[in-house]
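Biologist: Please put the sequence and the model on the screen. I have some questions about side-chain contacts, and others about the pocket.

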Amino acid sequence: IGSLLRGLHASEELLANLFVDRRVQYWIFMYSSPLLFWGNNPGCKLLFQSLERQLSPKRIELRESTRAENAEEEAFEKKVKSRHMRQWYKLERAYEMMQERELKEGRRFDLVLKLRTDMVLPGPLDLGDFPELWSSALYSWTDIMFLCNRDVAHTLLHDVTSRLAEYAGNQRRLFALDYGRLLRGGLGDGLRLQTFPDIGSQSFREAIHSN
């Protein structure tokens, strides 16, 4: 988790019981500004401590940003010309926290789940609902959450801010599409065409998925 601690109270119960299968072991990594965490949200400290107790033995880490990191984050925003992109800077820092934990433990995590603390799920996650996790699939819901295996997370998050900065300025550029790949389904790589625009014709949908 790499974002502002905006609504931790709404996520406390979920974060302490993320999965239906209680045998699943997990760590939570939070990266945030100390001013936003301790200054503007006095209740967050108590809630964070409550989570620490519920996740005992310790399976949660919070790291406060430094002045240098805040300046770096602001420089990133200026480069990409978009304030909401700062979430990727925070997420990259949280990813680095996870990597440090892996080095300490001497083993890698299997899966990576990104969440925002201002969201509420209807209940714990059942990993059985995500059958393609061990492929190159990325399950996502806009920028609010995503779930993938460790290798996919590395591809997505390793050095992500540097890569995003390289793309800055091309938002209006038109890129070539591989229509052949888009129109093929069942290739074994989890890629499926979402029929768009959907004109309401079943024969059209079948033609899309069979050619």
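Biologist: Is Arg 23 buried or exposed, and with what relative accessible area?

Modeller: With a 1.4 Å probe and protein chains only, buried means under 20% relative accessible area, exposed over 50%, and partly exposed in between. Arg 23 is above the upper cut-off and therefore exposed, its relative accessible area being 70%.

Biologist: What kind of model is this, and how are the residues numbered?

Modeller: Side-chain values rest on heavy atoms, without hydrogens and water, and residues count from 1 along each chain as its sequence is written. This is a predicted model, where local features need pLDDT of at least 70 and side-chain atom pairs pLDDT 80 or more, while totals for chains, interfaces and linings use all residues.

Biologist: Which residue forms a salt bridge with Asp 21?

Modeller: A salt bridge here is a side-chain nitrogen of Lys or Arg within 4 Å of a carboxyl oxygen of Asp or Glu. Asp 21 is partly exposed because its relative accessibility is 32%. Its closest contact in the pair is an N to O distance of 2.8 Å, and the partner is Arg 23.

Biologist: What is the pattern of helices and strands along the sequence of the protein?

Modeller: Helices (H or I, at least four residues) and strands (E, at least two) are DSSP runs, numbered from the N terminus. The protein has 9 helices and 5 strands. Along the sequence the pattern reads α-β-α-α-β-α-α-β-β-β-α-α-α-α.

Biologist: Glu 61 forms a salt bridge with Arg 101; how many residues apart are the two?

Modeller: In the bridge between Glu 61 and Arg 101, the closest N and O atoms are 2.6 Å apart. Glu 61 lies in strand β2 (residues 60-64) and Arg 101 in helix α5, so that the pair links distant parts of the chain, and the separation is 40 residues.

Biologist: Which residue, 4 residues apart from Arg 101 in helix α5, is separated from it by about one helical turn?

Modeller: Arg 101 counts as buried because its relative accessibility is 12%. Its partner in a further salt bridge has its closest N and O atoms 3.1 Å from those of Arg 101. That partner is partly exposed, at 41% relative accessibility. Four residues apart in helix α5 is about one helical turn, so the residue is Glu 105.

Biologist: How many salt bridges are there by this rule?

Modeller: The pairs described so far include Asp 21 with Arg 23 and Glu 61 with Arg 101. By this rule the count is 12.

Biologist: How many aromatic pairs does a search of the whole structure find?

Modeller: Rings of Phe, Tyr and Trp (its six-membered ring) pair if their centres lie within 6.5 Å; planes under 30 degrees apart are stacked, over 60 edge-to-face, and the rest tilted. Over the whole structure the search gives 4.

Biologist: Why is the pair of Trp 27 and Phe 29 called as it is?

Modeller: The ring centres of Trp 27 and Phe 29 are 6.0 Å apart and the planes meet at 15°, so the pair counts as stacked. Trp 27 is partly exposed, at 21% relative accessible area, whereas Phe 29 is buried, at 5%. The angle of 15° between the planes is the reason for the name: stacked.

Biologist: What angle lies between the planes of Phe 130 and Tyr 139?

Modeller: Phe 130 counts as buried at 18% relative accessibility, and Tyr 139 as partly exposed at 23%. The two rings are 5.0 Å apart, centre to centre, in an edge-to-face pair with an angle between the planes of 80°.

Biologist: Which charged end sits over the ring of Trp 27?

Modeller: A charge sits over a ring if NZ of Lys or CZ of Arg is within 6 Å of the ring centre and within 35 degrees of the ring normal. Trp 27 is also linked by ring pairs with Phe 29 and Phe 109 into a cluster. The charged end 4.1 Å from the centre of the Trp 27 ring belongs to Arg 101.

Biologist: Which element supplies the largest share of the lining of the largest pocket?

Modeller: A pocket is an open set of points on a 1 Å grid where a 1.4 Å probe fits, with protein on both sides within 12 Å along at least five of seven lines, and lining residues have an atom within 4 Å of a point. The lining has 33 residues, with Gln 25, Tyr 26, Trp 27, Phe 109 and Leu 111 nearest the centre of the pocket. β1 (28-32), α5 (86-105), β3 (111-114) and β5 (145-149) each supply at least two residues. The largest share, 7 residues, comes from α5.
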